[in-house]
Amino acid sequence: MRRELFGVILAVCIVWFQAEALTAITTKPEVVNDQNQTSATLSCNLTNPSSLVKGHYWTNNGKIIDKSESNSDELYIKHEIKKVDYHSAGLYACVFLTEPQVNATIEVKALPHVVAYKHSENANEKDKAVLTCVSHGYPLPTNWSWYKLKDVEIDKMPINGTDDKYEMKNTPNKTLLYVKDLDINKDMGMYQCQGTNEMGSASDKIQLRVRSQLAALWPFLGIVAEVIILITIIFIYEKRRKPDEINDGMKSNAATNHKDKNVRQRNSN
């Protein structure tokens with residue numbers, strides 16, 4: 001009895017493994033990586049499913065694509081990408097709701113989108129400036145570069161991020177350039193960040209403005225000057241007041257006090 005039961009279980013397992021081995025999803029294309037391709041149609045064809053298909057949907061970078069879910073039992077599904085760029089690039093997956101669930105992936109690659117976090121940075125002389133660029137899309141840059149642009153944009157100086165003047169910190173989606181001990185004559189100007197992935201390169205520019213060390217002192221000196229001028233005007237005015245004006249004021253006060261005294265006396269009588 002035990003041998004018969006074991007034989008049945010073994011047969012079921014063999015059938016299940018055979019079914020699993022035959023189940024396949026054919027994707028077309030396998031990868032979208034043509035820079036001249038402006039749109040794309042992704043498709044998946046499921047063959048020999050292990051169970052009834054109860055539905056399907058598409059994902060992009062792990063998130064379900066809006067309006068892609070369906071309860072149909074179709075074995076062939078497709079997804080339209082109207083514009084291939086950094087917005088639509090990513091890792092797509094078609095998912096079939098079977099038992100067990102099966103899926104296949106398609107890569108959609110595009111040039112990186114590189115943009116400066118701020119296109120203008122201000123810092124004081126002798127301080128440190130931080131220039132930042134970020135990247136979006138798929139795949140993210142595998143290499144970051146920085147340049148100091150001269151008067152002609154095509155004439156640019158590569159920046160070495162390991163010397164005492166500059167320091168670079170890179171991650172796939174961000175690069176930071178530290179410019180140390182700022183010099184108003186040498187460091188002020190236009191900088192360029194460039195990110196490169198397997199599809200090519202993209203860049204953006206940042207204007208670095210360096211203020212003099214005395215720049216922060218000018219507003220304070222202006223306030224001090226205004227206070228001094230105001231005090232001087234008040235002092236001169238007080239000095240030039242006529243004595244008669246003072247006496248007239250004192251007489252008027254005395255007359256008023258005398259009048260009030262007479263009124264009080266009449267009321268007491």
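**View 1. The salt bridge between E167 and K180.** In this predicted model, K180 counts as partly exposed because its relative accessibility is 27%, a value that lies between the limits of 20% and 50% set for this class. K180 forms a salt bridge with E167, and the closest N and O atoms of the two side chains are 3.6 Å apart. E167 is likewise described as partly exposed, with a relative accessible area of 27%. The pair links distant parts of the chain, since E167 belongs to strand 14 while K180 sits in the loop between strand 15 and strand 16, 13 residues apart. Side chains of opposite charge can pair when their charged atoms come close.

**View 2. The salt bridge between K165 and D187.** Here the closest N and O atoms of K165 and D187 are 2.6 Å apart, and the two residues form a salt bridge. K165 is found in the loop between strand 13 and strand 14 (166-171), and D187 in the loop between strand 15 (174-179) and strand 16, so this pair ties together parts that are 22 residues apart in sequence. Are the partners buried or exposed? K165 counts as partly exposed at 23% relative accessibility, whereas D187, at 3%, counts as buried.

**View 3. The salt bridge between K118 and E121, and the strand beside it.** The structure holds 4 salt bridges, and one of them joins the side chains of K118 and E121, with a distance of 3.7 Å from N to O. K118 is partly exposed at 40% relative accessibility, while E121 has a relative accessibility of 15% and therefore counts as buried, the limit for that class being under 20%. E121 also stands opposite L208, a residue of strand 17. Strand 10 and strand 17 (residues 200-211) pair in the parallel sense, over 5 bridges.

**View 4. The open sheet of 5 strands.** In which order do the strands of this open sheet follow one another? The order is 10-17-16-12-13, and the pairing is mixed. Strand 10 (120-124) and strand 13 (156-158) are the edge strands, each of which pairs on one side only. From one strand to the next, the twist averages 30°. Strands of a sheet pair through backbone hydrogen bonds, either parallel or antiparallel.

**View 5. The disulfide between C133 and C193.** The sulfur atoms of C133 and C193 are 1.9 Å apart, and the two residues form a disulfide. The link of C133 and C193 is left-handed, with -80° about the S-S bond. This pair links distant parts of the chain, with C133 in strand 11 (residues 129-136) and C193 in strand 16 (residues 189-197), 60 residues apart. C133 is buried, having a relative accessible area of 0%, and C193, at 0% relative accessibility, counts as buried too.

**View 6. The open sheet of 3 strands.** This open sheet has the strand order 1-3-6, and its pairing is antiparallel. Its edge strands are strand 1 (24-28) and strand 6 (76-81), each pairing on one side only. Neighbouring strands of this sheet are turned against each other by 15° on average, when direction is ignored. Between strand 1 and strand 3 (residues 40-47), the antiparallel pairing runs over 5 bridges, and T27 stands opposite C44 of strand 3.

**View 7. The disulfide between C44 and C94.** C44, which stands opposite T27, forms a disulfide with C94, and the sulfur atoms of the two are 2.0 Å apart. C44 lies in strand 3 and C94 in strand 7 (residues 90-96), so the disulfide ties together parts that are 50 residues apart in sequence. With -90° about the S-S bond, this link of C44 and C94 is left-handed. C44 is buried at a relative accessible area of 0%, and C94 counts as buried at 0% relative accessibility. The count of disulfides comes to 2, and they follow the pattern 1-2, 3-4 when the bonded cysteines are counted along the chain.

**View 8. A nonpolar patch on the surface.** Which residues form this nonpolar patch? The patch consists of I223, V227 and I231, which together have about 280 Å² of accessible area. I231 lies in helix 2 (residues 217-240), and because its relative accessibility is 52%, I231 counts as exposed, a class that begins over 50%.

Notes: Residues numbered from 1 in each chain as written. Predicted model: local features only at pLDDT ≥ 70, side-chain atom pairs only at ≥ 80, totals over all residues. Heavy atoms only, no water. Patch = residues over 30% accessible without salt bridge, like charges linked within 9 Å, V, L, I, M, F, W, Y side chains within 5 Å. Areas by Shrake-Rupley, 256 points an atom, 1.4 Å probe, with all protein chains shown as cover. Helix = DSSP H or I, 4+ residues; strand = E, 2+ residues; numbered from the N terminus. Buried < 20%, exposed > 50% of the residue type's maximum accessible area, 1.4 Å probe, protein only. Pairing = 2+ DSSP bridges. Axes fitted to C-alpha atoms, helices over the stretch in contact; angles between N-to-C directions. Disulfide = S-S within 2.5 Å.
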